[in-house]
Amino acid sequence: MIFTLFQFFEVLAVIVFLVGFLEAANNGVARTPPLGWMSWERFRCNTDCVTYPDACINEQLIMQMADHMAADGYKDVGYEYVCIDDCWPLKTRGADGRLVPDPARFPSGMKALADYVHSKGLKLGIYTDFGYMTCGGYPGSEFYLQLDAETFAEWDLDMLKLDACYSFGEDLKYGFPAMEFYLNRTGRQFVFSCDWDWAMNDQANYTHMAEFCNMWRIAHDMEDYWDNVQLVIDVYANNSRNFSAFTGPGAWADADSVIVGLYGLSDDQERAQFGMWAMFASPLLLAADLRSIKNSSKALLLNKNILAINQDPLGIQGTLRMKLGQDKIYVFLKELTGGRTAVALFNSDYHGQPVRATFMLNQLGLTNGNGYSFTDGFTGMARGKYMPATEINIDVNPTGIDIFIATPV
Ligand code: GLA
């Protein structure tokens with residue numbers, strides 16, 4: 001059969017489309033930032049289920065989190081992925097080379113656990129490492145990438161976090177794309193989460209990360225105290241080498257776990273972390289123990305107005321536009337659908353006093369001649385109408401946040 005030139009280009013277009021479709025960042029998943037729960041920050045590498053039957057990494061913990069995600073309203077507002085982090089397998093691979101879920105802690109096996117999580121309308125994520133060991137000392141996937149990808153697909157898993165401990169830095173640029181290749185080869189859709197190069201902000205190749213990963217860590221591990229949250233906010237404020245330009249549907253910078261509902265943050269700080277992570281269009285992977293979370297933290301995590309900022313289909317990462325109040329107030333803007341803009345005023349000062357932000361919308365590039373109506377980012381309540389040159393004064397609590405949505409009138 002002889003192809004016409006048009007048919008040739010048509011076939012070429014389909015091939016180009018299919019190849020593009022198979023790229024991780026364009027693999028059809030994570031078109032908005034993934035929402036879910038992840039075991040690491042709260043439950044770490046606790047494998048002692050005798051001493052800590054309710055706080056060790058086992059199938060019961062994962063099933064209970066899935067139960068609570070489905071029953072307590074989390075699933076209804078979009079939380080979907082229940083993610084097992086490090087320390088789930090035996091310390092040695094099986095005779096066939098495969099990773100073996102510790103039978104004492106995962107007696108039903110991973111496939112049965114995935115079936116259970118799926119029966120709740122949720123998805124199951126797992127963790128491995130590109131190096132020869134995971135950060136917690138479990139077998140890594142070096143030299144086993146294909147087998148591990150196939151195993152995770154056979155278990156019907158939906159998300160993979162690939163870490164980088166115990167590997168050579170210069171190998172990572174091959175390892176992460178290779179794993180993406182093998183995941184795609186299975187034909188199963190995975191959200192591919194990369195712990196790739198966060199420590200190398202100055203050299204990281206964001207083009208590669210966006211091409212091969214659905215999400216990639218941009219900063220250090222989240223720990224349960226305020227200074228750590230502030231450090232991550234500063235990473236986004238600095239926006240080293242404009243990493244915000246590489247993020248969008250299918251490819252997100254990951255600010256790491258949401259620690260709302262744990263032990264370390266005040267109410268204002270919880271609002272600040274959740275609000276800023278939403279502004280960053282970061283995946284929101286909760287760390288709290290959903291079985292015992294306090295009501296105020298739960299209400300915050302279920303706040304549909306804040307989640308809508310995070311999940312806005314444009315997928316634009318909010319960026320710092322100016323600092324006010326002697327540089328204590330960071331002003332971040334995130335463009336939303338419908339010509340709207342989310343504006344966050346974050347007070348980085350922790351010395352115990354509200355700080356006043358005084359500004360005009362035209363300083364933020366909001367110059368619509370008819371002005372803007374404001375709604376509150378948290379409550380969704382109307383907050384009046386402002387012209388571009390009207391002076392606006394807003395007091396922001398220490399380590400607190402104010403968010404409003406400006407809609408052109
Ligand atoms: C690294 C990662 C964490 C977590 C641990 C597990 O520190 O950055 O998110 O996965 O390893 O050991």
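**Exercise 1. Describe the second largest pocket of this predicted model: its lining, its volume and the elements that build it.**

Step 1. List the lining. G169, E170, L172, K173, W196, D197, M200, Q203, N205, H208 and M209 line the second largest pocket.

Step 2. Assign elements. Two or more lining residues come from α6 (172–185), and two or more come from α7 (206–212).

Step 3. Sort by class. The lining of the second largest pocket has four nonpolar, four polar and three charged residues.

Step 4. Add the volume. The second largest pocket holds about 160 Å³.

**Exercise 2. Find the pocket that holds the ligand, then describe its lining.**

Step 1. Place the ligand. The ligand sits in the largest pocket.

Step 2. Give the volume. The largest pocket has about 250 Å³.

Step 3. Look at the lining. It counts 19 residues, and those nearest the pocket centre are C135, D163, D195, W198 and D221.

Step 4. Sort by class. Nine residues of the lining of the largest pocket are charged, eight are nonpolar and two are polar.

**Exercise 3. Work out which residues surround the ligand and which side chains have an N or O atom close to a ligand oxygen, using a polar-contact cut-off of 3.5 Å.**

Step 1. Name the shell. The residues around the ligand are W40, D85, D86, Y127, C135, G136, K161, D163, D195, R217 and D221.

Step 2. Sort the shell. Seven of its residues are charged, three are nonpolar and one is polar.

Step 3. Check D85. An N or O atom of the D85 side chain is 2.6 Å from an oxygen atom of the ligand.

Step 4. Check D221. Its side chain also places an N or O atom 2.6 Å from a ligand oxygen.

Step 5. Check D195. Here a polar side-chain atom lies 3.1 Å from an oxygen atom of the ligand.

Step 6. Compute burial. The ligand taken alone exposes 310 Å², and the protein buries 91% of that area.

**Exercise 4. Count the cavities of 30 Å³ or more in the whole structure, then describe the largest cavity.**

Step 1. Count. The search finds two cavities of 30 Å³ or more.

Step 2. Give the volume. The largest cavity has about 70 Å³.

Step 3. Find the centre. Among the 14 residues that line the largest cavity, M38, M159, K161, S193 and L285 are the closest to its centre.

Step 4. Assign elements. β3 (123–129), β4 (159–163) and β6 (215–217) each give at least two residues to this lining.

Step 5. Sort by class. The lining of the largest cavity has seven nonpolar, five charged and two polar residues.

Step 6. Link to the ligand. K161 is one of the residues closest to the centre of the largest cavity, and K161 is also among the residues around the ligand.

**Exercise 5. Describe the second largest cavity, and pick out lining residues that also belong to the shell around the ligand.**

Step 1. Give the volume. The second largest cavity holds about 40 Å³.

Step 2. List the lining. It is made of D86, C87, W88, P89, L99, Y127, T128, T134 and P139.

Step 3. Sort by class. Six of these residues are nonpolar, two are polar and one is charged.

Step 4. Match the lists. D86 and Y127 line the second largest cavity, and D86 and Y127 are also among the residues around the ligand.

Conventions: Residues are numbered from 1 along each chain as its sequence is written. This is a predicted model: local features need pLDDT of at least 70, side-chain atom pairs count only at pLDDT 80 or more; totals for chains, interfaces and linings use all residues. Side-chain values use heavy atoms; hydrogens and water are left out. A residue is near a molecule or strand if one of its heavy atoms lies within 4 Å of it. A polar contact is a pair of N or O atoms within 3.5 Å; within protein, one must be able to donate a hydrogen and the other to accept it, and residues adjacent in sequence count only if both atoms are side-chain atoms. Accessible areas come from the Shrake-Rupley method with a 1.4 Å probe; for residues, only the protein chains shown count as cover. On a 1 Å grid over the protein atoms alone, a cavity is a set of points where a 1.4 Å probe fits but cannot get out, and a pocket is an open set with protein on both sides within 12 Å along at least five of seven lines; lining residues have an atom within 4 Å of a point. A molecule sits in a cavity or pocket if more than half of its atoms lie within 2 Å of its grid points. Ala, Val, Leu, Ile, Met, Phe, Trp, Tyr, Cys and Pro count as nonpolar, Asp, Glu, Lys and Arg as charged, and the others, Gly among them, as polar. Grid points are joined across faces, edges and corners, and a volume is the space filled by probe spheres set on the points. Helices (H or I, at least four residues) and strands (E, at least two) are DSSP runs, numbered from the N terminus.
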